[in-house]
Number of protein chains: 2
Amino acid sequence: MAFLTADDIALLNEPQLAHVATIEADGTPHVTPVWVDTDGEHVIFNTAKGRVKHRNLERNPVVAISVSDRANDYRTLWIKGTVEMTTEGADEHIDRMAKKYLDKDTYPFRKPGEERVIVKVTPTQRLSQG
Amino acid sequence: MAFLTADDIALLNEPQLAHVATIEADGTPHVTPVWVDTDGEHVIFNTAKGRVKHRNLERNPVVAISVSDRANDYRTLWIKGTVEMTTEGADEHIDRMAKKYLDKDTYPFRKPGEERVIVKVTPTQRLSQG
């Protein structure tokens, strides 16, 4: 059954910033902004191996994600989900995200030796209240 | 010692949206957007009794907060902190926040019987990496 609505997918297809919360080793929350993408079923973002988010998700593959329209605080998506990660296609994916967010053909912030990771989130719950 | 820099305080004084992550009873993360404020030392937001964020913070008074400039994704503040909550002055505070964010003298989304809460976050850590 589809979880994401047409409105959710429209929001995710725009260059809006998502804020992704994960759980640290000590049980405290971590939240940072990420570029976001969707295949119509999953919420997808891209990180790099060894970053805090990646390490947290290797240990505990659950996330909460909040996306707001920059121009309208009330046009939002808040979900929780479980995560699968892959390096396959992750370099091409971050380049596509650079196109979407920066209108650049290649991701300009790549670091030497950095290994990119696609994080595919299967939504499990809609957060209805802050 | 001051934790928040002049740049942090400037960002928090603008009507930018903060995304606040808390920990649910089952240990999973929760994140939703909130209006945000500062007294120059603390990050301050306003919620209502019984909401998910309030219940989570009563159980576990730790937060992670990510604030981004709507017009510049790279102008951001990411912190963790510990929380103190009070109902004292919380009604007046949400009205001041409505002035800041909506240019309205009174918070227009008040619900019957709702008890507002000021959440005062003492920053403990700057998140340097996603």
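This is a guided tour of a predicted model, stop by stop, with a selection to make at each one.

**Stop 1: chain A as a whole**

Start by selecting chain A and showing it as a cartoon. You should find 3 helices and 7 strands, and walking along the sequence gives the pattern α-β-β-β-β-α-β-β-α-β. The radius of gyration of chain A is 14 Å, close to the 14 Å that the globule rule gives for 130 residues, so chain A is as compact as a globular protein of that length. If you switch to the C-alpha trace, its extent along the principal axes is about 40 × 40 × 30 Å.

Now try a surface on chain A. The exposed area comes to about 6000 Å², with carbon and sulfur atoms supplying 49% of it. Of the 130 residues in chain A, 52% are buried. If you like contact maps, take the contacts in chain A between residues at least 6 apart in sequence: 69% of these join residues at least 24 apart. For a quick look at charge, colour the 17 positive and 20 negative charges of chain A; their mean positions lie 4 Å apart.

**Stop 2: strand 4 of chain A**

Next, select residues 43-48 of chain A, which make up strand 4. How many of its residues are buried? The count is 6 of 6, so to speak a fully covered selection under the 20% cut-off for relative accessible area. Show the side chains and look at each face in turn. V43(A), F45(A) and T47(A) are on one side, I44(A), N46(A) and A48(A) are on the other, and all of these are buried.

Keep strand 4 on screen and add residues 37-38 of chain A, which form strand 3. The two strands run antiparallel and are joined by 2 bridges; in one of the pairs, T38(A) has V43(A) as its bridge partner. The hairpin they make has 4 residues between the strands, and G40(A) in this hairpin takes a positive phi near 95°.

Then add residues 116-126 of chain A, strand 7, which also runs antiparallel to strand 4 and is joined to it by 6 bridges. Click on V43(A) again: in strand 7, its bridge partner is V121(A).

**Stop 3: helix 2 of chain A**

Select residues 52-59 of chain A for helix 2, and colour its buried residues, V52(A), K53(A), H54(A), N56(A) and L57(A). What do these buried residues pack against? Their neighbours are strand 1 (17-23), strand 2 (29-35), strand 4, strand 5 (62-69), strand 6 (72-86) and strand 7 of chain A.

**Stop 4: D103 in both chains**

Select D103(A), in the loop between helix 3 (90-102) and strand 7 of chain A. Its backbone is worth a check: phi of D103(A) is near 55°, a positive value in a residue other than glycine. For context, most residues other than glycine have a negative phi. Is D103(A) buried or exposed? D103(A) counts as exposed because its relative accessibility is 57%, above the 50% cut-off.

Now jump to D103(B), which sits in the loop between helix 3 (90-102) and strand 7 of chain B. D103(B) has a positive phi of about 55° and is exposed, with a relative accessible area of 58%.

**Stop 5: the sheet of chain B**

Staying in chain B, show the strands. There are 7 of them in an open sheet with the order 2-1-5-6-7-4-3, and the pairing is antiparallel. The edges are strand 2 (29-35) and strand 3 (37-38) of chain B, each pairing on one side only.

Centre on strand 7 (residues 116-126) of chain B, which is joined to strand 6 (residues 72-86) by 8 bridges. To see the register, pick M85(B), which faces V119(B), and T86(B), which faces I118(B). Strand 4 (residues 43-48) of chain B is joined to strand 7 by 6 bridges, and T47(B) stands opposite V117(B).

**Stop 6: P15 of chain B**

Finish with P15(B), in the loop between helix 1 (6-13) and strand 1 (17-23) of chain B. At 37% relative accessibility, P15(B) is partly exposed. Leaving aside residues up to four places away in sequence, P15(B) touches R70(B), K100(B) and Y101(B). As a last step, draw a distance between the C-alpha atoms of P15(B) and M97(B): these residues are 82 apart along the chain, and the separation is 8.7 Å.

Note on methods: Residues numbered from 1 in each chain as written. Chains lettered and ligands numbered in written order. Predicted model: local features only at pLDDT ≥ 70, side-chain atom pairs only at ≥ 80, totals over all residues. Heavy atoms only, no water. Buried < 20%, exposed > 50% of the residue type's maximum accessible area, 1.4 Å probe, protein only. Pairing = 2+ DSSP bridges. Rg over C-alpha atoms; globule rule 2.2 N^0.38 Å. Contact = heavy atoms within 4.5 Å. Areas by Shrake-Rupley, 256 points an atom, 1.4 Å probe, with all protein chains shown as cover. Lys, Arg positive; Asp, Glu negative; His and termini not counted. Charge placed at Lys NZ, Arg CZ, Asp CG, Glu CD.
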